[in-house]
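The report below is meant to be read beside the sequence and the coordinates. It moves from single residues to sheets, core and ligand shell.

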Amino acid sequence: MQKQVTKKNERVEEVFNLFIKHIQNFLTEAKLNHEEYTNFVDWADRLGRTGELPLYADVFLETHVLRAMYTDKPGTQPSLLGPYFVEGSPLVEKEPGKPLVLTQRPNEPGEPLLFKGNVSSTDGMPLANTRVEMWQNDDSGKYSSFDSDAPKYNLRGYFYTDENGDFEVQSIVPLPYSIPADGPTGEFLGFMDQHPMRPAHLHLMFEAEGHETLITQVFFEGDEWLETDVADGVRTELVTKLEDKNGRKEASLNFVMRRE
Ligand code: MBD
Ligand code: FE
């Protein structure tokens with residue numbers, strides 16, 4: 001049998017030692033008994049087997065990683081990538097004189113939304129030709145490729161900002177999202193007496209030459225779940241107004257990217 005060749009990785013060692021140290025302190029502080037420990041292992045096993053581990057991690061942990069990395073840095077605050085990003089979404093083709101259209105089905109159910117934005121650098125320079133990827137849930141509150149039976153890349157796509165760093169994309173208004181409540185994550189929330197809701201949000205990812213990739217979300221004023229988002233992804237500067245204009249909803253937000 002071939003022996004696996006491994007190289008000592010000091011970062012992994014450092015992080016793992018810290019992890020164990022804190023878990024030990026946690027066990028001591030919580031005075032976990034053996035039955036509770038066994039229940040935990042059983043629950044964590046189900047979390048993995050049902051495929052909910054990424055969901056659980058993104059709901060309860062990701063926000064802390066972001067806060068530790070980005071609070072007090074210049075540029076737009078990032079928010080959660082979340083468990084529902086998928087690679088390979090289609091390019092939204094630009095047709096001359098028409099806005100970009102994220103909806104792919106001719107009669108996509110939902111309330112039409114025009115979302116506008118501008119992308120600039122922390123020094124104020126507009127960022128033309130920035131790759132903008134967008135994804136969101138549909139009018140049943142579900143994400144394509146996951147809990148919705150819409151086509152795989154429905155309400156997912158990417159496009160580029162114009163020469164002024166601007167973009168305008170037509171879509172539908174996203175809905176508040178209930179994370180799956182019937183699996184191990186939901187079971188956990190039940191014990192915590194915490195609702196499973198996230199406020200309605202758009203997911204956006206920006207990539208521009210010489211800049212840090214910005215992964216963030218956009219939320220809407222007045223959403224009933226803004227203050228109690230189960231995943232704690234809301235940042236004040238990411239909340240915008242949903243306005244009635246020209247017989248549809250319009251919203252906009254400007255984004256500022258940090259140099260590498
Ligand atoms: C979502 O839609 C989401 O964006 C996150 C971060 C977690 C769960 C569901
Ligand atoms: Fe989401």
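Is Asp232 buried, exposed or partly exposed? In this predicted model, Asp232 is partly exposed, because 17 other C-beta atoms lie within 10 Å, whereas a residue needs 20 or more to count as buried. Asp232 is found in the loop between S9 and S10, and its phi is near 50°, a positive value in a residue other than glycine. Most residues other than glycine have a negative phi.

Asn246 also has a positive phi, of about 50°, although it is not a glycine; this residue lies in the loop between S11 and strand S12 (248–257). Asn246 counts as exposed because it has 8 C-beta neighbours inside 10 Å. A glycine with a positive phi, near 75°, is Gly210, in the hairpin of S8 and S9, where 6 residues stand between the strands.

**Overall architecture**

The protein has 5 helices and 12 strands, and its C-alpha atoms fill a box of roughly 65 × 45 × 40 Å along the principal axes. Of its 260 residues, 30% count as buried. Among contacts in the protein with a separation of 6 or more, 71% join residues 24 or more positions apart.

**The two sheets**

One open sheet of 5 strands has the order S4-S3-S8-S9-S10, with mixed pairing; its edge strands, S4 (156–160) and S10 (239–240), each pair on one side only. Another open sheet of 5 strands, ordered S1-S5-S2-S12-S11, has mixed pairing as well, and its edges are S1 (100–101) and S11 (243–245), each of which pairs on one side only. Some of the strand pairs in these sheets are set out here.

| Strand pair | Sense | Bridges | Residues paired |
|---|---|---|---|
| S3 and S8 | antiparallel | 5 bridges | Arg131 and Glu207 |
| S8 and S9 | antiparallel | 6 bridges | His203 and Gln217 |
| S9 and S10 | parallel | 2 bridges | Phe220 and Thr240 |
| S1 and S5 | parallel | 2 bridges | Leu100 and Val169 |

Strand S8 pairs with S3 through 5 bridges and with S9 through 6 bridges, and S8 is mostly covered, with 5 of its 7 residues buried.

**The nonpolar core**

In soluble globular proteins, nonpolar side chains tend to be buried together. The largest nonpolar core here has 40 residues, and those with the most contacts inside it are Met134, Val169, Phe206 and Met257. At least two residues of this core come from each of H3, S2, strand S3 (131–135), S5, strand S8 (201–207), S9 and S12. When neighbours within four places in sequence are left aside, Phe206 is in contact with Val119, Thr130, Val132, Thr213, Leu214, Phe255 and Met257. Val169, another of the core residues with the most contacts, is the residue of S5 that stands opposite Leu100.

**Leu113 and strand S2**

Why does Leu113 count as buried? Leu113 has 21 C-beta neighbours inside 10 Å, and therefore counts as buried, since the cut-off is 20 or more. This residue lies in strand S2 (residues 112–121). Leaving aside neighbours within four places in sequence, Leu113 is in contact with Ser171, Ile172, Val173, Arg248, Lys249 and Ala251. Leu113 and Ser89 are 24 residues apart in sequence, and their C-alpha atoms are 20 Å apart in space.

**The shell around ligand 1**

Which residues surround ligand 1? The shell consists of Leu55, Asp58, Val59, Leu80, Gly82, Pro83, Tyr84, Tyr177, Ile179, Arg198, Ala231 and Gly233. These residues divide into 8 nonpolar, 2 polar and 2 charged, and helix H3 (residues 53–60) gives the most to the shell, with 3 residues. Helix H3 is also one of the elements that each supply at least two residues of the largest nonpolar core.

**The annotated span**

UniProt, in an unreviewed entry, lists residues 115–143 for "domain: Intradiol ring-cleavage dioxygenases". In the model, the end C-alpha atoms of residues 115–143 lie 19 Å apart, and the span is 0% helix and 41% strand.

Key. Residues numbered from 1 in each chain as written. Chains lettered and ligands numbered in written order. Predicted model: local features only at pLDDT ≥ 70, side-chain atom pairs only at ≥ 80, totals over all residues. Near = placed C-beta within 6 Å. Helix = DSSP H or I, 4+ residues; strand = E, 2+ residues; numbered from the N terminus. Nonpolar A, V, L, I, M, F, W, Y, C, P; charged D, E, K, R; others polar. UniProt positions renumbered as here; feature names shortened; annotations may be inferred. Buried ≥ 20, exposed ≤ 12 C-beta atoms within 10 Å, placed from the backbone. Contact = placed C-beta atoms within 7 Å. Pairing = 2+ DSSP bridges. Core = buried A, V, L, I, M, F, W, Y, C linked by C-beta atoms within 7 Å.
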